[in-house]
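Me: I'd like to learn how to read salt bridges and helix faces in a model like this one. Could you take me through them?

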Amino acid sequence: MAGSQIERVFNVLESLTREPRGLPMQMLAEQLDIPKSATHRMLAELIRLGYVRQNPENQRYHLSTKLVAMGFRYLAGSGADIVQPVLDRLAQETGELVRLGIIEGERQIWIAKSQGARSGLRYDPDMGRDAPLFYTASGHAWLACMSDAEALSLVERQGGDRPKDMGPNAPRSNIELLERLRLAREQGYAWVEESSAVGTSAIAAVVRHPTDERVIGVLSIAGPSARMPGARLHELAPLLLKFTEELSAASLASEFFN
């Protein structure tokens with residue numbers, strides 16, 4: 001009965017959480033030892049309720065974002081925004097400064113941070129500032145999601161983006177900037193060494209809305225170049241991208257993105 005049916009439903013949902021690329025119905029039925037007919041009925045009902053979707057191209061079943069959003073709404077409603085703990089975990093794992101910028105129109109504003117460095121050199125700028133687009137990893141990560149023409153136009157409209165005290169490796173022309181953006185598109189993240197300031201390095205990647213894929217924020221890791229040379233920046237990339245995916249899901253319920 002009822003208890004057994006409920007258990008089966010949750011077993012289906014738990015199986016799908018472990019397979020972000022989705023599962024065919026036959027495999028689900030075999031994994032859970034459930035008849036195909038019963039599996040089909042459960043999946044059809046979960047689709048009707050909005051908790052599961054089926055990819056029309058390969059017929060695989062995936063979790064929708066509805067279940068994730070429910071959990072995040074509960075956490076947000078309990079008074080604990082779930083974005084800050086995500087930043088704290090990334091800062092702890094990297095031992096460096098982690099910052100989140102949100103997109104507001106034509107601006108990217110740093111609104112949250114977590115400092116992972118407990119001793120020694122620390123890079124810890126104030127929050128609430130606009131991220132300079134021309135010479136920062138955060139700016140490059142966002143600009144790389146645009147066409148070259150759109151990126152240059154936005155930089156031009158933010159004309160005060162090129163102070164005299166930029167780092168020695170900052171782009172010195174639009175051509176150099178476009179080359180940085182090309183590399184960022186290829187890699188899926190942007191990085192700079194001594195670009196925004198002497199002695200600092202950073203890596204950044206965009207956070208996208210989980211349903212329509214628009215860029216809603218940028219996550220970055222920054223610190224002294226002595227601890228974050230180029231090789232270290234690229235080593236951190238997979239971890240950074242993993243956390244941008246987590247923030248993407250969290251955005252549905254986070255006050256930072258709403």
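Me: Which side chains does Arg 89 or Glu 246 meet in a salt bridge?

Reply: In general, a salt bridge is a side-chain nitrogen of Lys or Arg within 4 Å of a carboxyl oxygen of Asp or Glu. Here the side chains of Arg 89 and Glu 246 meet each other in one, at 2.1 Å from N to O. The two sit in distant parts of the chain, 157 residues apart: Arg 89 belongs to helix H5 (residues 83–94) and Glu 246 to helix H9 (residues 230–250). Helices (H or I, at least four residues) and strands (E, at least two) are DSSP runs numbered from the N terminus. Please keep in mind that this is a predicted model, where local features need pLDDT of at least 70 and side-chain atom pairs count only at pLDDT 80 or more, while totals for chains, interfaces and linings use all residues. Residues are numbered from 1 along each chain as its sequence is written, and side-chain values use heavy atoms, leaving out hydrogens and water.

Me: How many salt bridges does a search of the whole structure find?

Reply: The search finds 10. Another one joins Asp 130 and Arg 107, with the closest N and O atoms 2.8 Å apart. Asp 130 lies in the loop between strand S4 (107–115) and H6, and Arg 107 in strand S4, so this pair ties together parts 23 residues apart in sequence.

Me: What salt bridge does Arg 185 make?

Reply: Arg 185 meets Asp 148, at 3.0 Å from N to O. This pair also links distant parts of the chain, with Asp 148 in helix H7 and Arg 185 in helix H8, 37 residues apart. Glu 179, Arg 182 and Glu 186 are joined into one network by salt bridges that share partners.

Me: Which residues of H8 are buried, and which are exposed on the other side?

Reply: Burial is read from relative accessible area: buried means under 20%, exposed over 50%, and partly exposed in between (1.4 Å probe, protein chains only). In H8 the buried residues are Leu 177, Leu 181 and Ala 184. Seen down the helix axis, they fall within an arc of 60 degrees, so they line one face of H8; the arc is that of the directions from the axis to the C-beta atoms. On the other side, Ile 175 and Glu 186 are exposed.

Me: What do the buried residues of H8 pack against?

Reply: Contact means heavy atoms within 4.5 Å. The buried residues of H8 pack against helix H6 (137–143), helix H7 (148–157) and strand S5 (190–193). After H8 comes Gly 188, with a positive phi near 90 degrees.
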